[in-house]
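Here are some exercises to work through with the model open on your screen. Try each task before you read its solution.

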Amino acid sequence: MRITVTSVMVEDQSKALKFYTEILGFVLKVDVPMGGEHRWLTVVSPDAQEGTQLLLEPLGFAPARVYQKALFDAGIPAASFGVDDCQAEYERLLKHGVVFRTKPTVMGPVTVALFEDTCGNLIQMAQV
């Protein structure tokens with residue numbers, strides 16, 4: 001068994017696609033219309049294009065909105081992405097206007113930082 005797709009809920013898929021590709025640097029993998037305004041829209045790491053896909057899942061279910069907001073308000077990340085150099089990535093993303101909740105912080109064997117994805121989620125980046 002392996003993880004092939006995981007998701008983050010987003011209000012606006014086009015806005016999310018722009019942030020996750022143009023700012024974070026992921027690559028578009030799949031973009032399939034699902035009827036109406038929604039799409040099966042996934043991105044992948046440029047270094048692992050056949051790896052795990054991140055679904056930019058539309059917030060079409062009312063309880064999902066409540067859950068997303070509760071996580072955000074509690075400061076809990078919706079996802080965690082690995083980086084080689086947390087400090088360098090923090091500085092790069094700051095230049096793109098990304099809002100950080102925490103600066104890179106050493107926590108035992110990892111360094112982590114928490115930022116807003118402009119789509120209602122907090123995302124953690126971690127350097128192991």
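**Exercise 1: around helix α3**

What covers the buried residues of α3 includes α1 (13-23), β6 (100-107), β7 (110-116) and β8 (122-127). Contact here means heavy atoms within 4.5 Å, and helices (H or I, at least four residues) and strands (E, at least two) are DSSP runs numbered from the N terminus. This is a predicted model, where local features need pLDDT of at least 70, side-chain atom pairs count only at pLDDT 80 or more, and totals for chains, interfaces and linings use all residues. Residues are numbered from 1 along each chain as its sequence is written, and side-chain values use heavy atoms, with hydrogens and water left out.

Task: find the buried residues of helix α3 (residues 86-95) and work out how they are arranged.

Step 1. Pick out the buried ones (under 20% relative accessible area; exposed is over 50%, partly exposed in between; 1.4 Å probe, protein chains only). You should get Cys86, Tyr90 and Leu93.

Step 2. Look down the axis of α3: the buried residues fall within an arc of 70°, so they line one face of the helix. The arc is taken from the directions from the helix axis to the C-beta atoms.

Step 3. Now check what follows: just after α3, Gly97 has a positive phi of about 85°.

**Exercise 2: a ring pair**

Task: describe how the rings of Phe26 and Phe81 pair, and where they sit in the chain.

Step 1. Rings of Phe, Tyr and Trp (its six-membered ring) pair if their centres lie within 6.5 Å; planes under 30 degrees apart are stacked, over 60 edge-to-face, the rest tilted. The structure holds 6 such aromatic pairs.

Step 2. Phe26 and Phe81 are 5.2 Å centre to centre with 70° between the planes, which makes them edge-to-face.

Step 3. Phe26 is in the loop between α1 and β2 (27-33) and Phe81 in strand β5 (residues 79-82), 55 residues apart.

Step 4. Both are tucked away: Phe26 is buried at 18% relative accessible area, and Phe81 is buried at 17%.

**Exercise 3: a salt bridge**

Task: which residue forms a salt bridge with Arg65, and what does the pair tie together?

Step 1. Look for a side-chain nitrogen of Lys or Arg within 4 Å of a carboxyl oxygen of Asp or Glu. Arg65 pairs with Glu11, the closest N and O atoms being 2.5 Å apart.

Step 2. Arg65 lies in helix α2 (residues 62-74) and Glu11 in the loop between β1 (5-10) and α1, so the pair ties together parts 54 residues apart in sequence.

Step 3. Arg65 is partly exposed at 37%, while Glu11 is exposed at 51%.
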